[in-house]
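User: I am in my first year and would like a close look at a single part of this structure. Could you take one helix, explain what surrounds it, and then follow the chain outwards from there?

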Amino acid sequence: MERNRMRILVVAGHPADMFDHCGGTLKHHIDNGDAVTCVSITQGLRIHDEVISDVFRHKVGQFTEEEVQKLIAERQKVKYKEAVEACGLFGIKDIRFLDYDDEILTVSPAMITKLAKLMREVQPNVVITHWPYQGDMFSNHHAVTGQLAMAAITAASGVNFEDRNPACRLSQIFFMLCPDDVFPGSALGYTRQAYAQYYVDISDCADLKVKAVNTMKSQKYDLKGYAKKTTEYWNGNFGQKVCLPYAEAFVLNSPEVGTLLPLSDHREWLGTADEGELLLRRASLSATETEIEERTDYKG
Ligand SMILES: [Zn+2]
């Protein structure tokens with residue numbers, strides 16, 4: 001049976017989330033002819049930007065309101081340019097920004113309506129978003145983005161008389177995981193950890209992951225060692241769980257259905273390989289061996 005083209009919409013909290021959670025997976029789908037659109041809900045300036053988050057945190061009183069607004073507009077441009085460049089490494093071209101300030105991020109009717117409008121326009125049949133229970137669920141941008149996406153999915157599935165685009169009903173929702181989702185960093189996250197049910201082998205593009213992370217200079221991700229360390233910790237760690245060098249991990253929101261039980265080639269191979277083959281399969285260090293230009297002179 002001919003495979004239908006997938007239309008994927010990624011709903012991310014911050015610009016870099018559009019590729020650092022699932023960039024390898026998106027590259028595979030784009031190479032496969034599927035349509036991919038990414039949207040970042042916030043500008044990601046308050047917590048991630050080198051100038052805004054570091055300088056304003058301590059010295060905002062030294063700037064006039066006009067200067068603050070000017071600097072925010074400038075830094076937004078820098079960050080968006082980096083995110084577009086990083087996404088481009090994976091072949092992602094359709095990138096949207098909803099421009100919300102990340103000072104206070106909470107699920108609101110206005111944001112749900114805006115995101116639902118985008119869904120009706122893009123007409124995805126698959127949405128990828130954050131695990132809605134990350135951290136303490138409430139103050140965590142990723143968790144709130146996941147909750148917002150779920151609310152928008154419900155809104156977009158119904159008729160809106162002010163929107164000329166048709167309603168949009170999904171086939172599947174995937175939650176893209178980061179290490180915090182499976183290993184919570186605070187007591188409030190305990191019991192809400194995600195169980196990764198599906199791993200995508202991204203060993204063929206671990207180098208792209210490192211290069212993309214390193215592109216986010218406005219977030220200081222080019223500091224010596226960071227891009228490689230985070231890729232090893234994140235994708236290397238997920239990979240080791242299923243005997244792969246590098247992987248991206250997901251939770252399926254709805255159970256898959258078939259006439260037979262699912263058994264992947266990799267899972268089948270795991271049942272037959274000897275211990276040496278298993279170790280060799282997971283031993284690649286291509287992320288740490290990737291050549292990138294790193295900053296070594298950061299003074300803070
Ligand atoms: Zn983020």
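Analyst: A good place to begin is helix α7, residues 141-156, whose 16 residues should span 22 Å at 1.5 Å a residue, and the C-alpha atoms at its two ends are indeed 22 Å apart, which agrees. Please keep in mind throughout that this is a predicted model.

The next point is how α7 sits among its surroundings. Of its 16 residues, 12 are buried, so the helix is largely enclosed by the rest of the structure. To count as buried, a residue needs 20 or more other C-beta atoms within 10 Å of its own. The buried residues in α7 begin with the run H141, H142, A143, V144, T145, G146, Q147, L148 and A149, and further along A152, I153 and A156 are buried as well. An α-helix has 3.6 residues a turn, so residues three or four places apart point the same way. What do the buried residues of α7 pack against? Their neighbours are the strands β1 (7-12), β2 (35-42), β4 (126-130) and β5 (172-176), together with the helix α6 (109-122).

Two of these strands, β4 and β5, join with α7 in a right-handed β-α-β unit. The two strands run parallel and are joined by 5 bridges, and in one of the pairs V126 has Q172 in β5 as its bridge partner. Strand β5 is itself mostly covered, since 4 of its 5 residues are buried.

The loop between β4 and α7 contains M137, which is not a glycine and yet has a positive phi of about 80°. With 16 C-beta neighbours inside 10 Å, M137 counts as partly exposed, because the partly exposed class lies between 12 or fewer neighbours, which is exposed, and 20 or more, which is buried.

From β5 we can now step out to the sheet as a whole. It is an open sheet of 7 strands in the order β3-β2-β1-β4-β5-β7-β6, and the pairing is mixed. The edges are taken by β3 (94-100) and β6 (198-201), each of which has a single partner strand, so one side of each is left without a neighbour in the sheet. On average, neighbouring strands of this sheet are turned by 25° against each other, direction ignored.

On the other side of β5 from β4 in that order stands β7, and β5 and β7 run antiparallel, joined by 3 bridges, with F174 standing opposite L252 in β7. Strand β7, residues 247-252, is in turn joined by 4 bridges to β6, again running antiparallel, and here Y198 has F250 in β7 as its bridge partner.

Each edge strand can also be followed back into the loop before it. In the loop between α8 (179-182) and β6 lies T191, another residue that is not a glycine but has a positive phi of about 80°; with 8 C-beta neighbours inside 10 Å, T191 counts as exposed. At the opposite edge, K93 is found in the loop between α5 (65-88) and β3, and K93 also counts as exposed, with 12 C-beta neighbours inside 10 Å. Although K93 and A35 are 58 residues apart along the chain, their C-alpha atoms are separated by 9.8 Å.

Note on methods: Residues numbered from 1 in each chain as written. Predicted model: local features only at pLDDT ≥ 70, side-chain atom pairs only at ≥ 80, totals over all residues. Expected span 1.5 Å × (residues − 1). Contact = placed C-beta atoms within 7 Å. Pairing = 2+ DSSP bridges. Axes fitted to C-alpha atoms, helices over the stretch in contact; angles between N-to-C directions. Right-handed = clockwise from strand over helix to strand, strands pointing away.
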